[in-house]
2 protein chains.
Amino acid sequence: MTHSGPEVVDPASVETPIGCVDLERARANAKRVVAYLDRHGLGWRPHIKTHKSRLVARIQLDAGARGLTVATLREAEVMGSLTDDLLLAYPPVGDAKLQRLLRLPAEIDLKVALDSVEVLEPLARAAAQAGRTIGVLVEQDVGLGRVGLQSAEAVADLARRTRDLPGVSFRGIMFYPGHIRMAESQQGAHIEGVSSSVSRTLAALRSDALEPEIVSGGSTPTLWRSHEVSGLTEIRSGSCIYNDREALAVGVADADDLAYTVLATVVSTAVPGHAVVDAGSKAVSKEARGDGEGYGFLLEHPEVVVAGLSEEHGVLDIGASEWRPRIGERVRIVPNHVCVSVNLQDRVLAIDAGQYRWMALEGRGRGAWVD
Amino acid sequence: MTHSGPEVVDPASVETPIGCVDLERARANAKRVVAYLDRHGLGWRPHIKTHKSRLVARIQLDAGARGLTVATLREAEVMGSLTDDLLLAYPPVGDAKLQRLLRLPAEIDLKVALDSVEVLEPLARAAAQAGRTIGVLVEQDVGLGRVGLQSAEAVADLARRTRDLPGVSFRGIMFYPGHIRMAESQQGAHIEGVSSSVSRTLAALRSDALEPEIVSGGSTPTLWRSHEVSGLTEIRSGSCIYNDREALAVGVADADDLAYTVLATVVSTAVPGHAVVDAGSKAVSKEARGDGEGYGFLLEHPEVVVAGLSEEHGVLDIGASEWRPRIGERVRIVPNHVCVSVNLQDRVLAIDAGQYRWMALEGRGRGAWVD
């Protein structure tokens, strides 16, 4: 598949800062994930929050993804014409969101993740009124402490509740073991903990004849060890399509797997030891990794760290580099966290087979998508 | 002046997360800044990066702002029809940006801040070719160490260089004493340092018959002490139109001066001690203030801190609060840094005289603005 966007763009004529995507690398990343999962009989329902692009979602589906995961209704609307298998990995709360959810095409096998009866019951009521049945994945907390029920019994209780309600059907469980900064030495114990937590839940469900068709997990640091989680049927991992500084740091990707950068231009070298580029927190996103680690690094000069970010200024620490930047020179920044940087772009410049074209981010924003 | 947007909106029908602006508070904030500056004979050329809205820029101009400051060409294009006094407080580097700059209406008295001959010379060439004269503010570093020339002599050298070049004229100097986290006890010494640095520069310029018409400074923590900087003619302070958690922390604003919040809905209470809302880093922005201080607080329950942010999840620490959130309940988050949160909104909900209406953020994004 090649990029089907409009005309070829000369990157030298493009204003910076601008997010750039390498589609060949994205395709290779998708293939590698699917090959790994195929070996272990697991499915991929990638979270498209990372890229928000229909073109990249098609790459994932062409590579063998079984469906797509979305976080917002805008994302669901945009991706709804690409697949009939959608997971909204987010509780839809409030009538406006429920009505919007139920306006998605009827042919979509729609699943929703939730962790409370307060979300389940209005969803079931609205779905029944609309003459639809929405699949439910009950969300369990496996240690991150963000959302999710706290015990196997609580998961089974909520799953059981779906039996009494028209408009919903129990499809399985979802969890997010996203302990991002975990050291490699801790991963074994972490996976064992997740595994035993999930096993207890599966046992509790089966003892009540609630067979989960979907057991959905997956996290970045343990991406290649997903098969060690017993009972898992699929992962949702999304950022592996592009990767970022975090993925390099936790060892799940190499520099050759980086498919997203922010193209920036050097605008000032007036302060000794620094160079300033025109990509700031409104292009890179100021997502800290830890004290003094900065917000990204340069693809061409990995020793150069983005030490500071103002809104439109990125301060490059060139103290550890032989590189002496010139004003007007262009650099490519690998952000700490790719998803939040992509979200800041109006559109991105995609390279494929040596040619650059504009690529839309249709899933970005919150308004209703009209195709 | 009242809001001239389209129809009145019922906020209960609006999906969250959504940025909200209180226009009456914004007007009061603008008046307070102008009243202070009037007492000291100083001007206000507010940086519109905070709000990116024509309506709010009009509030600032109606209150008495002498012009507007912008950071991007999009912002310049959007604001160019509201005032004939624009400062691009950012070096325009590269032909695409220069051509775009020179397409701004000829009647605008356009000024550009820069700190190098590498930016000055192409600007002068392009302006001369376009038959225009662009004003130059030479940027000086007064201690922040981001951009700006390092000495009075370097400023005078670059100012002198403008004399030889058609297309540009020296108009003054600019500096940004943005030492955001400075304690109040340090402010006196800080202002003295800035003052003496600026005084040396003014002396160096005047010794060469380069009289700066504009001496542009201003920063959030020292907003109400701007008059103590000798030689200052104006400030550019922008975030004071809305204020944020940072402004409260450094003592330049009270809770009653907060004019921007992110409206969010509680979506999960499954994890003890926490509640989760649907405003994450893609609505609030994950801009850290310091270890363990979180990313914002609730307007209605100031003791509740946004302890964590994922992309679409905000984790509220309710451990110090009597408040027991219900799923579906709405809250208003005051972000650490208002500018980056506003930049994440497609549009905002503005309240004025008790009525809500949508307000556009025309200056957001990077594409060319077509009126």
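Me: What makes β7 (168-175) and β8 (214-217) of chain B a pair of strands?
Reply: Three bridges join strand β7 of chain B to strand β8 of chain B, and the two run parallel. Two strands pair if DSSP finds at least two bridges between them, and three bridges are found here, so the two count as paired. One of the bridges links Met174(B) with its partner Ser216(B) in β8(B). The model is a predicted one, in which local features need pLDDT of at least 70, side-chain atom pairs count only at pLDDT 80 or more, and totals for chains, interfaces and linings use all residues. Residues are numbered from 1 along each chain as its sequence is written, while chains are lettered from A and ligands numbered from 1 in the order in which they are written.

Me: What makes a stretch of residues a strand or a helix?
Reply: Both are DSSP runs, numbered from the N terminus: a helix (H or I) has at least four residues, and a strand (E) has at least two. Residues 43-44 of chain B form β2, which therefore counts as a strand under the minimum of two.

Me: Why are β2 and β3 called edge strands in chain B?
Reply: Eight strands of chain B form an open sheet with parallel pairing, in the order β2-β9-β8-β7-β6-β5-β4-β3. Of these, β2 (43-44) and β3 (68-70) each pair on one side only. Chain A likewise has an open sheet of eight strands in parallel pairing, ordered β2-β9-β8-β7-β6-β5-β4-β3, with β2 (43-44) and β3 (68-70) as its edge strands.

Me: How do you know in which sense β6 and β7 of chain A pair, and over how many bridges?
Reply: Strand β6 (134-140) and strand β7 (168-175) of chain A share seven bridges in the parallel sense. In one of them, Leu137(A) of chain A has Gly172(A) of β7(A) as its partner. Helix α5(A) lies across β5 (109-114), β6 and β7 of chain A and runs at about 140 degrees to β7(A).

Me: Which sense of pairing do β16 and β17 of chain A show?
Reply: Strand β16 (347-352) and strand β17 (355-360) of chain A pair in the antiparallel sense over six bridges. Ala350(A) has Arg357(A) as its bridge partner in β17(A). The hairpin has two residues between the strands, and Ala353(A) takes a positive phi near 50 degrees there.

Me: Why is the crossing of α1(B) and α2(B) called right-handed or left-handed?
Reply: A crossing is left-handed if the near helix is turned anticlockwise from the far one by less than a right angle, and right-handed if clockwise. The crossing of α1(B) and α2(B) is right-handed. The axes of α1 (23-39) and α2 (54-63) of chain B come within 9 Å and cross at roughly 35 degrees; such axes are lines fitted to C-alpha atoms, for helices over the stretch in contact, with angles running from 0 to 180 degrees between N-to-C directions. The contact involves Ala26(B), Arg27(B), Ala30(B), Lys31(B) and Val34(B) of α1(B), together with Val56(B), Ile59(B), Gln60(B) and Ala63(B) of α2(B).

Me: How do you know how many residues of each chain are in contact?
Reply: Two residues are in contact if their C-beta atoms, placed from the backbone, lie within 7 Å. By that test, 48 residues of chain A touch 48 residues of chain B. On the side of chain A, α4 (95-102), α5 (117-129), β10 (260-268) and α9 (338-342) each supply at least two residues, and β10(A) gives the most, with three.

Me: How are the two copies related, and what makes this known?
Reply: Chain A can be laid on chain B with an RMSD of 0.0 Å by a turn of 180 degrees and a shift of 0.0 Å along the axis. The copies are therefore related as by a two-fold rotation axis. The superposition is by least squares on the C-alpha atoms of residues with pLDDT of at least 70 in both. Since 100% of the interface residues of chain A are also interface residues in chain B, the copies meet through the same surface.

Me: Which domains does chain A have?
Reply: Chain A is divided into domain 1 (23-242) and domain 2 (255-360), with bounds from an automatic or database domain assignment. Their C-alpha centres lie 32 Å apart. The contact takes 14 residues from domain 1 of chain A and eleven residues from domain 2 of chain A.

Me: What makes the peptide bond between Thr16(A) and Pro17(A) notable?
Reply: The bond is cis, with omega about 0 degrees. Pro17(A) is in the segment before β1 (18-22) of chain A.
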